[in-house]
Amino acid sequence: MRKDLVDILACPVCKSPLELTIEEEAEEEVVRGKLTCNQCSEDYPIEDRIPNLLPPEMRTA
Amino acid sequence: MTTEREIKETVREHYAESARQVKAADSSCCGSDTAENVISSKLYTTDELQGLPQEAVVASLGCGNPVAMAELHEGEVVLDLGSGGGIDVLLSARRVGPTGKAYGLDMTDEMLELARENQRKAGVTNVEFLKGEMEEMPLPDGSVDVIISNCVVNLSPDKDKVLAEAHRVLKPGGRLAIADIVARGDVPEELRRSLEAWAGCVAGALEEGEYRAKLESAGFADVEIESLREYTASDADGAGLGDLLQKYGKKGAEQVGFASVIVRARRPGEGGHAFSSLNVVAGEAVSCSPGSCC
């Protein structure tokens with residue numbers, strides 16, 4: 001995902017804004033990292049450039 | 001009793017398998033090839049498909065052309081629910097141009113991977129794919145101009161939630177344009193189950209009246225539902241449901257109780273663009289002739 005995507009994303013559960021932490025970046029994109037909801041104290045992982053915003057209980061298939 | 005979680009897992013596994021088949025260059029999906037073609041083939045014009053990766057076209061498992069029905073404008077923000085291989089997101093991105101954005105939401109890793117690959121091949125940059133659920137959209141209130149979806153809402157075990165979320169993330173005056181499968185009238189339970197499994201891969205199609213009522217109770221206005229194609233016994237026969245149809249005396253041109261429809265609605269409020277008349281748009285977007293389309 002592009003870094004500025006965080007501006008339009010929201011926590012799937014409480015819809016609060018998310019905070020971006022970048023662990024790996026390439027070609028202006030976040031390859032790995034996390035999006036944190038401070039309201040729910042929940043981390044949403046970014047893997048292979050795609051943010052995983054499934055609600056926590058749906059995350060493990 | 002099938003739980004919502006089980007339904008979602010079945011859907012996810014089904015579409016993961018479809019994505020794997022596209023990657024393995026095998027286009028067959030739910031049911032037989034023939035069955036899939038009746039529903040998903042010839043939905044897009046040659047012009048629209050020009051410049052799109054073949055994998056995006058092959059992975060297209062929709063039942064309509066929501067992008068054409070949405071009448072997108074330059075600069076708009078579009079969200080595709082259940083974006084799959086990404087065809088409708090890529091088409092949307094083209095229509096909204098560099099000042100607009102197209103987001104694809106999907107819960108299947110394999111489809112998201114395929115969509116990202118297709119995005120790279122198409123060289124489109126105003127696109128993002130998000131992993132998430134349409135029952136819990138990861139977007140703030142009033143952030144999207146247009147929501148599209150292609151034959152996905154029928155798969156949700158909680159359609160009220162999906163429509164409430166769609167209403168929430170749309171800006172006031174925002175538009176909803178979705179292609180979907182609806183059920184028609186009384187169909188014997190056994191036949192209904194097999195037909196649903198054929199058409200939507202998992203039971204769940206609403207009746208048109210129910211769809212309308214759910215949209216209205218979610219707060220949508222100007223609801224229009226137009227049939228794109230009524231499925232007949234010969235369509236279902238081609239999908240290997242011949243014996244079952246014979247048992248219930250359905251044959252040939254007789255309708256089997258399912259249709260592809262286009263559903264459009266607006267979130268009430270000032271702002272946004274209005275839809276043109278659906279008949280005009282549908283006529284231009286899909287040049288249907290009996291037996292040759294949708």
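These questions and answers walk through a predicted model with chains A and B.

Me: How many helices and strands are there in chain B?
Reply: Chain B has 294 residues, and 58% of them count as buried. Its secondary structure comes to 12 helices and eight strands.

Me: What share of the contacts in chain B with a separation of 6 or more comes from residues 24 or more positions apart?
Reply: Take the contacts in chain B whose partners have a separation of 6 or more. Residues 24 or more positions apart account for 78%.

Me: How far apart are the end C-alpha atoms of helix 11 of chain B?
Reply: Helix 11 of chain B covers residues 233–247, 15 residues in total. A straight helix would reach 21 Å at 1.5 Å a residue. The end C-alpha atoms of helix 11 fall short of that, at only 12 Å.

Me: On which residue is the kink in helix 11 of chain B centred?
Reply: The kink in helix 11 of chain B is about 125°. Its centre is Gly240(B).

Me: Which residue just after helix 11 of chain B takes a positive phi?
Reply: Within helix 11 of chain B, the buried residues include Ala239(B), Leu241(B) and Gly242(B). Just after the helix, a positive phi of about 70° appears, and the residue is Gly249(B).

Me: What span does helix 1 of chain B reach from its first C-alpha to its last?
Reply: Helix 1 of chain B has 20 residues. The expected span is 28 Å at 1.5 Å a residue. The helix comes close to that, reaching 29 Å.

Me: Why is helix 1 of chain B described as oblique to helix 7 of chain B, rather than parallel or perpendicular?
Reply: Helix 1 (residues 4–23) and helix 7 (residues 109–122) of chain B have axes 8 Å apart and pack at an angle of about 40°. Angles under 35 degrees count as roughly parallel, and 65 to 115 as roughly perpendicular. The angle fits neither class, so helix 1 of chain B is oblique to helix 7 of chain B. The angle behind this is about 40°.

Me: How do the residues of the contact of helix 1 with helix 7 of chain B divide?
Reply: Helix 1 of chain B brings residues including Tyr15(B), Ala19(B), Arg20(B) and Lys23(B), while helix 7 of chain B brings Glu110(B), Met111(B), Glu113(B), Leu114(B) and Glu117(B). By class, the residues of this contact are six nonpolar, one polar and five charged.

Me: Is Glu17(B) buried, partly exposed or exposed?
Reply: Glu17(B) is found in helix 1 of chain B. Buried residues of that helix include Ala16(B) and Ser18(B). Glu17(B) has a relative accessibility of 33%, so it counts as partly exposed.

Me: Which elements of chain B do the buried residues of helix 8 pack against?
Reply: Helix 8 (residues 159–169) of chain B is mostly covered, with eight of its 11 residues buried. Among them are Val162(B), Leu163(B), Ala166(B) and His167(B). The buried residues pack against strand 1, strand 4, strand 5, strand 6 and helix 10 of chain B.

Me: Which residues is Arg94(B) in contact with, leaving aside its neighbours within four places in sequence?
Reply: Arg94(B) sits in helix 6 (residues 87–96) of chain B. At 42% relative accessibility, Arg94(B) counts as partly exposed. Beyond those neighbours, its contacts are Asp47(B), Glu48(B), Gln50(B), Gly51(B) and Leu52(B).

Me: What does Val124(B) touch, not counting residues up to four places away in sequence?
Reply: Val124(B) lies in the loop between helix 7 and strand 3 of chain B. Its relative accessibility is 19%, so Val124(B) counts as buried. The residues it touches are Leu90(B), Ala93(B) and Gln119(B).

Me: Where is Lys15(A), and is it buried or exposed?
Reply: Lys15(A) has a positive phi of about 70° although it is not a glycine. Most residues other than glycine have a negative phi. Lys15(A) is found in the segment before strand 1 of chain A. At 18% relative accessibility, Lys15(A) counts as buried.

Me: What is the relative accessible area of Asp48(A)?
Reply: Asp48(A) is not a glycine, yet it has a positive phi of about 50°. Its place is the loop between strand 3 and strand 4 of chain A. Asp48(A) is exposed, with a relative accessible area of 64%.

Definitions and conventions:
Residues numbered from 1 in each chain as written. Chains lettered and ligands numbered in written order. Predicted model: local features only at pLDDT ≥ 70, side-chain atom pairs only at ≥ 80, totals over all residues. Heavy atoms only, no water. Helix = DSSP H or I, 4+ residues; strand = E, 2+ residues; numbered from the N terminus. Expected span 1.5 Å × (residues − 1). Bend = angle between axes of the 7 residues up to and from the residue. Buried < 20%, exposed > 50% of the residue type's maximum accessible area, 1.4 Å probe, protein only. Axes fitted to C-alpha atoms, helices over the stretch in contact; angles between N-to-C directions. Parallel < 35°, antiparallel > 145°, perpendicular 65-115°, else oblique. Contact = heavy atoms within 4.5 Å. Nonpolar A, V, L, I, M, F, W, Y, C, P; charged D, E, K, R; others polar.
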